[in-house]
Amino acid sequence: MKKDELKNIAESLIETFNYAGKESIRLYNEGLKIEIKEDQSPVSNGDLTINDLIQKKIIELTPNIKIISEETVDLNVKNTSKIFWLIDPIDGTKEYIAGKDEYTLNAALIINSIPVLGLVGVPKKKRLFYTYAPGESYLIENDNVKKINCKKLQPKEKVVALSSVIKPSDIILNKLKEYKVNSIVKMASSYKFCVIATGEYDIYAARERAHEWDYAAGHAVAKNAGAIITTLDEQPFLYGKENYKNPSLLIRRAENLND
């Protein structure tokens, strides 16, 4: 798929993501209807409505490409596709249900194991991130479109890591020490990938957790902004696994986190 075609697909999804973000807030304000899934995680009518909105637009744009969504996937069916969409309509459902502001809307196009295109909406922060090629990652905020490139925004010598938990494991803490991290901030959802892409934070490390749809869109945004994304043992982080499960993860804003 050519760059211009990917650009058109990504930009054609922006309006849908903006509308879906507003719908997520409206549904929350009306009072969410919540159910518990087989894996004991919650799902709301907000998750399902956003899923339908995003899927409908993607089907319109790319009718022949398979869509794998957290809310409709059959985990008993192995993924054998080389080109496919990964959707997590709301990453951080618990955050969403609790009325917090770090939940995200996510869609990514995977081609030959690589997330090449991605959109991440952060409705309550009024931010939308999108990308369609290396060097082409953008943030839309206050109706302004800004290219992002992982340029450090923290003071020099201050290396700030992100964590999805209040107290990271020793394995993660030891990995962060290797990069001279001197501060750790807790943050939910795929928003972590995006604020590394903007340069607001420097590094995120995680053990094996979650599924491919949780990471793919944010991965595309950060990678195409210049971030280095691998497993903890610095192997390539690839998509299209039969069981959709993520390996460990290491995202670095740059080789030298002080630059």
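Mentor: A helix here is a DSSP run of H or I, at least four residues in length, and helices are numbered from the N terminus. The model under discussion is predicted.

Trainee: Which element gives the largest share of the lining of the second largest pocket?

Mentor: Helix 1 does, with 5 residues. Helix 1 spans 3-30, and strand 6 (114-122), strand 7 and strand 8 each supply at least two lining residues as well.

Trainee: Which residues of that lining are the closest to the centre of the second largest pocket?

Mentor: Of its 15 lining residues, these are Asn18, Lys22, Pro123, Lys126 and Arg127. The pocket holds about 360 Å³ of space, and its lining divides into 6 nonpolar, 4 polar and 5 charged residues.

Trainee: Why is Arg127 called buried?

Mentor: Buried means under 20% relative accessible area. Arg127 has 11%, so the residue is classed as buried.

Trainee: What makes the contact between Glu141 and Arg127 a salt bridge?

Mentor: The criterion is a side-chain nitrogen of Lys or Arg within 4 Å of a carboxyl oxygen of Asp or Glu. For Glu141 and Arg127 the N to O distance is 3.1 Å, and the pair therefore meets the cut-off of 4 Å. Glu141 lies in strand 8 (residues 136-141) and Arg127 in strand 7 (residues 127-133), 14 residues apart.

Trainee: How is Glu141 itself classed, and on what value?

Mentor: Glu141 has a relative accessible area of 28% and is therefore partly exposed, since that class lies between 20% and 50%.

Trainee: What separates Glu178 and Lys175 within helix 4?

Mentor: They are 3 residues apart in helix 4 (residues 170-178), which means a separation of about one helical turn. Their closest N and O atoms are 3.4 Å apart, in a salt bridge. Lys175 has a relative accessible area of 12% and so counts as buried.

Trainee: How do you know that Lys241 and Glu212 form a salt bridge, and what does the pair tie together?

Mentor: Their N to O distance is 2.8 Å, and the limit is 4 Å, so the pair qualifies. Lys241 lies in the loop between strand 13 (228-230) and strand 14 (249-252), whereas Glu212 lies in helix 6 (residues 212-225), so the salt bridge joins parts 29 residues apart in sequence. Glu212, at 0% relative accessibility, is buried, while Lys241, at 25%, is partly exposed.

Trainee: How many salt bridges does the structure hold?

Mentor: The structure holds 17. In addition to the pairs discussed, Lys3, Glu136 and Lys147 are linked in a network of salt bridges.

Note on methods: Residues numbered from 1 in each chain as written. Predicted model: local features only at pLDDT ≥ 70, side-chain atom pairs only at ≥ 80, totals over all residues. Heavy atoms only, no water. Buried < 20%, exposed > 50% of the residue type's maximum accessible area, 1.4 Å probe, protein only. 1 Å grid on protein atoms, 1.4 Å probe; cavity = no way out; pocket = protein on both sides within 12 Å on 5 of 7 lines; lining within 4 Å. Points joined across faces, edges and corners; volume = space filled by probe spheres on them. Nonpolar A, V, L, I, M, F, W, Y, C, P; charged D, E, K, R; others polar.
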